[in-house]
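Me: I would like to go through the labels used for this protein and ask what stands behind each of them.

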Amino acid sequence: MRLGNGVMEPTDKAVCILLSYARPQNIQRMVDTVLQSSACGRLILSNNNPDIDIHEFIKSGDDRVEITQSPERRYAVERFVIARECPEQYFLCIDDDLFVSPDQIEQLIEALIREPERPHGMYGEIVHDRDGQLTVETSIHRYDGELDVLNRIYAFTRDHVRRFFEIADLLGTENIDELGPIDDIVLSHSGNSLPRCHDFGDFWECPTSNQKGVALWQEADFLDLRLVCYRKLQKLMNRKGAVKRPS
C-alpha cells in the first residue's frame, strides 16, 4: 500500500506489461504514464509486430524499462507468457488504446493488494444467460461491482497467471498462441470469485479503438468465438454469472 508520502511500498510494486502491435504511436504516452505511477516497479514493453521497429516510437532512459522486439507476430496472450517468467507477485496490463492516469494505476494496484483473490480492472462485460441464449452487455465502465469479463486494463497476481495456463489446458489449447481473442475471458475466470470493476474516474480512449482493420473486436466471428469459449468455461468451472447491475 502507499506510504505516507504517497509512494507505494517496494514489495507492493507491480510489473506493468505493455504490448504494441497496431498503435505504436500510443506507446510513448503509455510508458510515460506508467513510469509516473509509484505502483510500477518494472515495465516490460513487447512489440508484437515484426514490421515495426518499436525503438523508433519510444525513448526512455529509465532503468525500469525493458523493451523486446519480437521477430514474429505475437498475440495478446503474450502478456501472460511474459508474466509467467516474472518472479514478482503483482501485474498490470493495459491495452494500447486506453489511457489512464498514474493515480488510477495506483488505485487499481491497491485494490488488487486488498483483495488478491480476484483480478481487478476498470472496464468489462456481463454475460446474460436467458433460457440458454447468451448475450453480452459490453463496454461497462465507470462502474463499481462484479463483472463476468474484464477488458482492456487488468490487475492480477502470480496465482492468477498460474491458473490462467491451467484453464488454457482445460480448454484443450495445445499451443498457447492459438488461444485466440479470449485471453481476457480466461484471466477473468482465474480468481476464486468474479473479477471486480472499479470506478476510478474518467479515462481516455484512442479513436482507433473502434476502427475496422485496427480494433481486434471488429474482426469477423470475434463475438461468436468468445461466446463459445464462455460457454465452455461455464460448464468446466460451474461458475454462476455476475449479479445483475442496478439500472
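**Labels and their grounds**

Me: Where is R79?
Reply: The model is predicted. In it, R79 sits in helix α2, which covers residues 78-84.

Me: Why is R79 called buried?
Reply: Buried means under 20% relative accessible area. R79 has 5% relative accessibility, so R79 counts as buried.

Me: What makes the approach of R79 and D95 a polar contact?
Reply: The limit for a pair of N or O atoms is 3.5 Å. The side chains of R79 and D95 are joined at 2.8 Å, so the pair is within that limit. Leaving aside neighbours within four places in sequence, R79 is also in contact with I17, L19, C93, Y154 and D183.

Me: Why is N49 called buried, although its place is in a loop?
Reply: The loop in question runs between β2 (40-47) and β3 (65-69). The label depends on accessibility: N49 has 9%, the cut-off is under 20%, and therefore N49 counts as buried.

Me: Which residues does N49 touch?
Reply: Not counting residues up to four places away in sequence, N49 touches S20, Y21 and Q69. A polar atom of the N49 side chain lies 3.2 Å from the backbone oxygen of Y21.

Me: How do you know that the span of helix α4 is close to the expected one?
Reply: Helix α4, residues 158-170, has 13 residues. At 1.5 Å a residue, 18 Å is expected, and the helix reaches 19 Å from its first C-alpha to its last.

Me: What makes the buried residues of α4 lie on the same side?
Reply: The buried residues of α4 are H160, V161, F164, F165, I167 and A168. They cover an arc of only 160 degrees around the axis, which puts them on the same side of α4. What covers them includes α2, α3 (102-114) and α6 (222-237).

Me: What is found at the start of α4 and just after α4?
Reply: At the start, a side-chain oxygen of T157 reaches to within 3.3 Å of the backbone nitrogen of D159. Just after α4, G172 takes a positive phi of about 80 degrees.

Me: Which residues have the most contacts inside the largest nonpolar core?
Reply: This core has 39 residues, and those with the most contacts inside it are I17, F91, F156, F164, I176 and L179. Helix α4 gives the most to this core, with five residues. A second, separate core has 34 residues, including V31 and F203.

Me: Why are β8 and β10 called edge strands?
Reply: Three strands form an open sheet in the order β8-β7-β10, with antiparallel pairing. Strands β8 (133-141) and β10 (149-150) are the edge strands, as each pairs on one side only.

Me: What makes β7 and β8 a pair?
Reply: At least two bridges are needed. Strand β7, residues 123-130, and β8 have seven bridges in the antiparallel sense, so they count as a pair. The bridge partner of D129 in β8 is L134.

Me: Why is R142 called partly exposed, and R152 buried?
Reply: Partly exposed lies between the 20% and 50% limits. R142 has 40% relative accessibility, so R142 counts as partly exposed. R152 has a relative accessible area of 8%, and is therefore buried. R142 is in the loop between β8 and β9 (145-146), and R152 is in the loop between β10 and β11. Neither is a glycine, yet R142 has a positive phi of about 50 degrees and R152 has one of about 75 degrees.

Technical notes: Residues are numbered from 1 along each chain as its sequence is written. This is a predicted model: local features need pLDDT of at least 70, side-chain atom pairs count only at pLDDT 80 or more; totals for chains, interfaces and linings use all residues. Side-chain values use heavy atoms; hydrogens and water are left out. Helices (H or I, at least four residues) and strands (E, at least two) are DSSP runs, numbered from the N terminus. Buried means under 20% relative accessible area, exposed over 50%, partly exposed in between (1.4 Å probe, protein chains only). A polar contact is a pair of N or O atoms within 3.5 Å; within protein, one must be able to donate a hydrogen and the other to accept it, and residues adjacent in sequence count only if both atoms are side-chain atoms. Contact means heavy atoms within 4.5 Å. The expected span of a helix is 1.5 Å times one less than its number of residues. The arc is that of the directions from the helix axis to the C-beta atoms. A nonpolar core is a set of buried Ala, Val, Leu, Ile, Met, Phe, Trp, Tyr and Cys residues joined through side-chain atoms within 4.5 Å.
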